[in-house]
Amino acid sequence: MAPVATQYPASAGSPLALALGAAALGVCVVGPAVNHAVLRWMGWRVVVPVLLGRVPGRHELGRWPARCRDCGDPLGPAGSAALPWAVSAGGCRRCGSRLPRWCGAVEAATGASFGLAAGVAGWSASLVPVLPLFGGLVAMSAVDLWCMRIPTRFAHVTGVCVLAGLLVAAGLDGDAAPLLGAAVGGAAFGGGLLALYLVSPRMLGFGDVRLGAVAGLVIGWLTRTPEHPVAGPIAGVLGAALVAGLVGTVVGTVLLVIRRSSEPFPFGPSLAVGTVVVVLTSL
């Protein structure tokens with residue numbers, strides 16, 4: 001059962017309008033920003049090291065902005081990524097070169113998750129921490145699918161935004177007690193995944209541990225009740241882990257049949273799916 005959240009009057013807007021507005025925010029604003037961050041990180045941590053034979057230092061980060069591979073136009077606020085993938089027809093607005101199709105998928109996933117969260121939660125303070133979490137999950141899953149890594153920077157930024165959102169939501173609700181549930185959820189999810197990582201680092205990466213810890217904050221916050229201040233968050237975390245395990249099992253089985261061999265595959269997206277399912281059912 002989710003904590004009692006501040007509900008706003010119907011005059012503030014219909015639930016459908018809120019859901020459509022949140023979806024538009026995800027597609028037109030957050031999605032392109034996520035694409036820019038993903039392209040920038042992959043260029044800095046994946047492409048550039050191959051070209052240079054080394055990983056650039058932190059002081060060199062600003063020298064490697066994400067750019068169009070054909071004309072060099074910055075894929076940032078001043079370049080093609082300022083427009084959603086669909087609006088720009090999936091191409092650089094300067095030279096027309098095709099941008100990766102997964103950029104459109106990132107924007108679609110962000111918009112869909114934002115719209116679902118807003119449609120389920122309505123005009124509620126619950127959206128304040130949930131939307132940053134969903135945006136971060138999309139970003140971390142995109143990188144994990146591309147190169148089987150979850151950037152530490154992405155996890156930290158998402159965690160800071162989620163913590164800020166939880167504090168704002170607690171202030172709007174006038175109840176700080178659910179913050180204890182957030183702490184329990186983060187410790188339970190992150191701690192459980194950390195134990196699996198220590199047992200088998202090949203099976204689970206430390207990026208998955210960071211993702212779980214951040215996701216557990218929101219899960220614990222939503223599932224904590226006065227009657228079950230600890231059991232509620234733990235049950236929510238176990239539910240997310242169960243869904244993630246089922247999704248991972250299905251994906252692993254399909255890949256095993258296709259590849260005819262057992263090879264590692266990214267587990268971050270499965271954790272993200274499990275988190276989204278539990279969060280949506282707890283709002």
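Among contacts in the chain between residues at least 6 apart in sequence, what percentage join residues at least 24 apart? The answer is 68%, and I would like to keep that value in mind as we go through the structure, which is a predicted model.

Let me begin with the overall layout, for those of you who are new to this chain. There are 8 helices and 0 strands, so reading from the N terminus the order of elements is simply α-α-α-α-α-α-α-α, as these are numbered along the chain. The chain has 283 residues, and buried residues make up 45% of them.

I will turn next to some individual positions, starting with helix α2, which covers residues 101-121 and contains Gly115. Is Gly115 buried or exposed? Its relative accessibility is 14%, and because the cut-off for buried is under 20%, Gly115 counts as buried. Leaving aside residues up to four places away in sequence, Gly115 touches Ala19, Ala22 and Ala23. Leu20 also belongs in this part of the picture, since its C-alpha atom is separated from that of Gly115 by 6.1 Å, although the two residues are 95 apart along the chain.

Moving along the chain, we come to the loop between α3, which spans 127-147, and α4, and in this loop we find Met148. What is notable in the backbone here is a positive phi of about 55 degrees, even though Met148 is not a glycine. With a relative accessible area of 44%, Met148 is partly exposed.

In helix α4 itself we find Leu167, and here the relative accessible area is 56%, which means that Leu167 passes the cut-off of over 50% and is exposed. From Leu167 to Pro129 there are 38 residues in sequence, and in space the two are 8.6 Å apart, C-alpha to C-alpha.

Let me now go to helix α8, residues 268-282, where Ser270 is found. Pro269 lies in helix α8 as well. Both residues are buried, Ser270 with a relative accessible area of 4% and Pro269 with one of 16%. Where do their contacts go, once residues up to four places away in sequence are set aside? Ser270 touches Ala244, Val247 and Gly248, whereas Pro269 touches Ser141, Asp144 and Leu145. If we look up the helix ranges, Ala244, Val247 and Gly248 fall in α7, which runs over 231-259, while Ser141, Asp144 and Leu145 fall in α3, which runs over 127-147. Pro269 can also be related to Leu211, which is 58 residues away in sequence and 10.0 Å away in space, again taken from C-alpha to C-alpha.

The next topic is the largest pocket, which holds about 910 Å³ of space. The pocket is lined by 40 residues, and those closest to its centre are Met203, Leu204, Gly205, Asp208 and Phe267. Which elements give two or more residues to this lining? They are α1 (15-52), α4 (152-173), α5 (178-199), α6 (206-223) and α7 (231-259). Of these, α7 gives the most, with 7 residues. As for the character of the lining, its residues divide into 22 nonpolar, 8 polar and 10 charged.

I will finish with two kinds of side-chain pairing, aromatic pairs and disulfides. The structure holds 1 aromatic pair, and this is formed by Tyr197 and Phe206, whose rings lie 5.3 Å apart, centre to centre, with 65 degrees between the planes, an arrangement that is edge-to-face. Tyr197 is partly exposed, with a relative accessible area of 24%, and Phe206 likewise counts as partly exposed, at 35% relative accessibility.

How many disulfides does the structure hold? The number is 0. For anyone less used to the term, a disulfide is a covalent bond between the sulfur atoms of two cysteines. Looking at two of the cysteines individually, Cys103 is buried, with a relative accessible area of 4%, whereas Cys161 is partly exposed, with a relative accessible area of 37%.

How values were computed
Residues are numbered from 1 along each chain as its sequence is written. This is a predicted model: local features need pLDDT of at least 70, side-chain atom pairs count only at pLDDT 80 or more; totals for chains, interfaces and linings use all residues. Side-chain values use heavy atoms; hydrogens and water are left out. Helices (H or I, at least four residues) and strands (E, at least two) are DSSP runs, numbered from the N terminus. Buried means under 20% relative accessible area, exposed over 50%, partly exposed in between (1.4 Å probe, protein chains only). Contact means heavy atoms within 4.5 Å. On a 1 Å grid over the protein atoms alone, a cavity is a set of points where a 1.4 Å probe fits but cannot get out, and a pocket is an open set with protein on both sides within 12 Å along at least five of seven lines; lining residues have an atom within 4 Å of a point. Grid points are joined across faces, edges and corners, and a volume is the space filled by probe spheres set on the points. Ala, Val, Leu, Ile, Met, Phe, Trp, Tyr, Cys and Pro count as nonpolar, Asp, Glu, Lys and Arg as charged, and the others, Gly among them, as polar. Rings of Phe, Tyr and Trp (its six-membered ring) pair if their centres lie within 6.5 Å; planes under 30 degrees apart count as stacked, over 60 as edge-to-face and the rest as tilted. A disulfide is a pair of cysteine sulfur atoms within 2.5 Å.
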